[in-house]
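Subject: Structure for your review

Dear colleague,

Please find below the structure that I am handing over to you. My findings follow it, and I would be grateful if you read them with the structure open.

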Amino acid sequence: FKIIRTDEDVIEYLGVSAKKIPDLFGLIGDSSDGIPGVRKIGPKKAIPMLKKYETLEGIYENIDSLTEIPGIGKSLVSNLKEDKDIAFMSRELAIICQEVPLEFNLEKLSYEQDKEKLLELFKILE
């Protein structure tokens, strides 16, 4: 089990940089999160497309040239065309919202104040 800390770790683990993960999931989906993706496209097909064309937009702008990539045939291009809306919806589903309004005041945080609660949590979490 390896902890993923850097963009290089993400590339080693998924085959694309962190900023391209939503585009990757737009193509391959993620069944654990209910993201459908494009039919018959897995990482072995998606990663070369993203390396060459960078984004879903780039892939769809060059859709008629995809067969130049080894392993991408006409039936896969047909799936991409038919599932275009699903690909872009899947990408949206894979984006993590980072603009969540949270009220947090570091000055009000006190270790001593919640020492008992923290100790109990540490025991539960071992």
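**A buried residue in a loop**

Ile-69 counts as buried because its relative accessibility is 6%, and the cut-off for that word is under 20%. Please keep in mind that the model is a predicted one. Ile-69 sits in the loop that runs between helix H4 (56-61) and helix H5 (74-82).

Which residues does Ile-69 touch, if those up to four places away in sequence are not counted? They are Pro-48, Met-49, Lys-52 and Tyr-53. Pro-48 is 21 residues away from Ile-69 in sequence, yet the two C-alpha atoms are 7.3 Å apart in space.

**Helix H3**

Helix H3 comprises residues 43-53, and its buried residues are Ala-46, Ile-47, Met-49, Leu-50 and Tyr-53. These buried residues span an arc of only 165° around the axis, which means that they lie on the same side of H3. A general point helps here: an α-helix has 3.6 residues a turn, so residues three or four places apart point the same way.

On the other side of H3, Lys-44 and Lys-51 are exposed. The buried residues of H3 pack against four helices, namely helix H1 (7-14), helix H2 (21-28), H4 and H5. Just after H3, Glu-54 adopts a positive phi of about 75°.

**The nonpolar core**

The largest nonpolar core contains 24 residues, and Leu-27, Ile-41, Met-49, Leu-66 and Leu-80 have the most contacts inside it. At least two residues of this core come from each of H2, H3, H4, H5 and helix H6 (84-94). Which helix gives the most to this core? H3 does, with 5 residues.

Leu-27 offers a useful view of the surroundings. With residues up to four places away in sequence left out, the contacts of Leu-27 include Ala-46, Met-49 and Leu-50, as well as Ile-41 and Leu-80. Gly-37, Val-38, Leu-56 and Ile-59 are also among the residues that Leu-27 touches.

**A nonpolar patch on the surface**

Is Ile-124 buried or exposed? Ile-124 is exposed, because its relative accessible area is 61%, and exposed means over 50%. Ile-124 belongs to helix H7, which covers residues 115-125. Together with Leu-121, Phe-122 and Leu-125, Ile-124 forms a nonpolar patch on the surface, and the accessible area of these residues together is about 450 Å².

With kind regards

Key:
Residues numbered from 1 in each chain as written. Predicted model: local features only at pLDDT ≥ 70, side-chain atom pairs only at ≥ 80, totals over all residues. Heavy atoms only, no water. Buried < 20%, exposed > 50% of the residue type's maximum accessible area, 1.4 Å probe, protein only. Contact = heavy atoms within 4.5 Å. Arc of directions from axis to C-beta. Core = buried A, V, L, I, M, F, W, Y, C linked by side-chain atoms within 4.5 Å. Patch = residues over 30% accessible without salt bridge, like charges linked within 9 Å, V, L, I, M, F, W, Y side chains within 5 Å. Areas by Shrake-Rupley, 256 points an atom, 1.4 Å probe, with all protein chains shown as cover. Salt bridge = Lys/Arg side-chain N within 4 Å of Asp/Glu carboxyl O.
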